[in-house]
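This report asks the reader to look at one protein model piece by piece. Please keep the sequence and the three-dimensional view open while reading.

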Amino acid sequence: MSTTIVEYDLFINGEWVSPVAGRRYPTANPYTGETWAQVGDADDADVDRAVKSARTALSGVWGTMTGFDRAALMRKLAELLRRDAARLAKLESRDSGKLLREMSTQTAYLPSWFDYFGGVADKIQGSTIPSDRPNFLVYTEEVPVGVVAAIVPWNSPLMLLVWKLAPAIAAGCTIVVKPSDQTPVTALELALLFEEAGFPPGVFNVVTGNGPRVGQALSAHPKVDKIAFTGSTATGALVAAAAAKNLTRVSLELGGKSAQIVFEDADVEATVNGIISGVFAATGQTCMAGARLLVHENMHDEVVRRVVARAETIVLGDPTEEATEMGPVNNQTQLAKITSMLEQAKAEGASFACGGPGGDTKGYFVRPTVVTNVSLDSALYREEVFGPVLAVATFTSEDEAVAMANATEFGLAAGIWTVDVRRAHRVARQLRAGTVWINAYRVVAPNVPFGGFGQSGIGRESGVDAVREFTETRATWVELSGATRDPFTIG
């Protein structure tokens, strides 16, 4: 059966335009491998016109709008997202290979970010500062940082874009989006909603491109004021290096190798559900995946047995089917990476309690995998896999558990499983992680900051302070007396 190929142009200055060079590239369904859309393949010239459009908007109608005006537009956009949530979820699942029921939950939640930050938009304020000179009034204002380049990955493309968009728009910035070349469609569909909501031209621009070219051009562009990036630590370092040449501000939400710590008094059933949710939900394709299981030696056998028993029943298949519990990884390159890491761990002596690449279904599948006897120096234990793979290690004491959890260059998230409330808080305050869940895992909200320590990034997304990531502080001194003084006159 033939599939209708949907074609998308770039979205620049409120218009749908073809790339200057006229190129397009295909995007495929990770489950079927079939091309279902063609999108514009932009180059430096397209990036430049998008940035110019965004900069012009800053000094145009958008720049004259108040926080109350921005809030009204954001509320309108939230309503349109609610209306179209089901449609966007289907597109997201088709483009990324993630479960439709998971994407449906995400897209239904997205309006909350615009509701929340719409409520912040009309409350961005400075302060008056007592002056040490009686003839001066001093006050500060929080003003938009300017043009923001939002570079987003393929694992939760729309949600991770909205995490950047909502606070940036609340602050009064304009945006140029570079979606992942693997999942470009929903950012383009979001542009339709920006149009419908009535945002001025140039506030929101989408420039798609195959490969690193567009991201590199945005990172190095001298007229971009801020880069908000989510992706791998290695790519984040390249983005930061390019931005540094222009002293462009950056916020980086990067990789993780987060630990789930299970103490001997943990509620086993709740713990196992949390472990499963933390590493196998979303096919493990999440930066906050709880991919390291640190379990007290007395609990190891029971916890591993229960996790394996549930992992072996997880239903793999078509992500659009209600019965499917885990879909494919997003692309062939990612599948090859995961396979290579598993083969290396096996060669190093690790044991596979369950799982591994492949399965009895088509698509880029990795079965839910639990690996024990993992060397703490191995790549599988120390590096981000970005797939449904759990590396298990044991500890004997609380101090050892904390040391093992912190023995990583990353610091994005962690989970603690214990019924001892004193231990829970005691351990949480020692963990170098931007988010710590106690007897839970993988919970986020628009009003709670998210970001990491160390190699997991710079800055925070969500939470009221996220708006500060997109503003500059301007101090103004006002002379009140009308007196003037020759600076070279004494007395």
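## A starting point: Ser-277

In which helix is Ser-277 found? Ser-277 belongs to helix H10, which covers residues 268-279. Before going further, the reader should bear in mind that this is a predicted model, and that the values given below were computed from it.

Ser-277 has a relative accessible area of 28%, and because buried is kept for values under 20% and exposed for values over 50%, Ser-277 counts as partly exposed. Along the sequence, Ser-277 is separated from Arg-442 by 165 residues, yet in space the two are 7.4 Å apart when the distance is taken from C-alpha to C-alpha. Arg-442 will return below, since Arg-442 is one of the residues nearest the centre of the second largest pocket.

## The two largest pockets

The largest pocket has a volume of about 1000 Å³, and its lining is made up of 38 residues, with Trp-154, Phe-229, Gly-231, Ser-232 and Thr-235 lying nearest the centre. Four elements give two or more residues to this lining, namely helix H8 (213-220), strand E11 (226-230), helix H9 (233-244) and helix H12 (332-347). The largest share comes from H9, which gives 6 residues. Sorted by class, the lining of the largest pocket holds 17 nonpolar, 16 polar and 5 charged residues.

The second largest pocket has a volume of about 390 Å³ and is lined by 19 residues, of which Glu-102, Gln-106, Met-159, Arg-442 and Val-444 lie nearest its centre. Helix H4 (100-109) and helix H6 (157-171) each give at least two residues to this lining, and H4 supplies the largest share, with 5 residues. By class, the residues around the second largest pocket are 8 nonpolar, 6 polar and 5 charged.

## Cavities

Apart from the pockets, how many cavities of 30 Å³ or more are counted in the model? The count comes to 5. The largest cavity contains about 80 Å³ of space, and among the 15 residues that line this cavity, Arg-292, Ala-405, Ala-413, Arg-432 and Ala-433 lie nearest the centre. Helix H14 (398-406), strand E18 (410-411) and strand E19 (413-417) are the elements that give two or more residues to this lining, which by class consists of 8 nonpolar, 4 polar and 3 charged residues.

The second largest cavity has a volume of about 60 Å³. Its lining has 13 residues, and those nearest the centre are Ala-289, Ala-291, Glu-384, Val-385 and Phe-386. In this lining, 7 residues are nonpolar, 4 are polar and 2 are charged.

## Aromatic rings

A search of the whole structure finds 13 aromatic pairs. In one of them, the ring centres of Tyr-31 and Phe-365 are 6.2 Å apart and the ring planes stand at 90 degrees, so this pair is edge-to-face. Tyr-31 sits in the loop between strand E4 (24-28) and strand E5 (35-40), while Phe-365 sits in the loop between strand E15 (351-357) and strand E16 (366-372), and the pair therefore links distant parts of the chain, 334 residues apart. Tyr-31 and Phe-365 are both buried.

Phe-194 and Phe-204 form an aromatic pair that is stacked, with 4.0 Å from centre to centre and 5 degrees between the planes. Because Phe-194 lies in helix H7 (residues 185-197) and Phe-204 in strand E10 (residues 204-206), this pair ties together parts that are 10 residues apart in sequence. Phe-194 and Phe-204 are both buried, and together with Trp-62 and Phe-199 they form one aromatic cluster. A ring can also face a charge: the charged end of Lys-226 sits over the ring of Phe-470, 4.2 Å from the ring centre.

## A sheet of three strands

Strands of a sheet pair through backbone hydrogen bonds, in either a parallel or an antiparallel way. Here, 3 strands form an open sheet in the order E6-E7-E23, and the pairing is antiparallel. Strand E6 (128-129) and strand E23 (471-479) stand at the edges, and because each has a single partner strand, one side of each is left without a neighbour in the sheet.

E6 pairs with strand E7 (residues 136-144) in the antiparallel sense over 2 bridges. As an example for the reader to find in the view, Thr-128 has Tyr-139 in E7 as its bridge partner.

Methods. Residues numbered from 1 in each chain as written. Predicted model: local features only at pLDDT ≥ 70, side-chain atom pairs only at ≥ 80, totals over all residues. Heavy atoms only, no water. 1 Å grid on protein atoms, 1.4 Å probe; cavity = no way out; pocket = protein on both sides within 12 Å on 5 of 7 lines; lining within 4 Å. Points joined across faces, edges and corners; volume = space filled by probe spheres on them. Nonpolar A, V, L, I, M, F, W, Y, C, P; charged D, E, K, R; others polar. Phe/Tyr/Trp six-rings, centres within 6.5 Å; stacked < 30°, edge-to-face > 60°. Buried < 20%, exposed > 50% of the residue type's maximum accessible area, 1.4 Å probe, protein only. Lys NZ or Arg CZ within 6 Å of the ring centre and 35° of its normal. Pairing = 2+ DSSP bridges.
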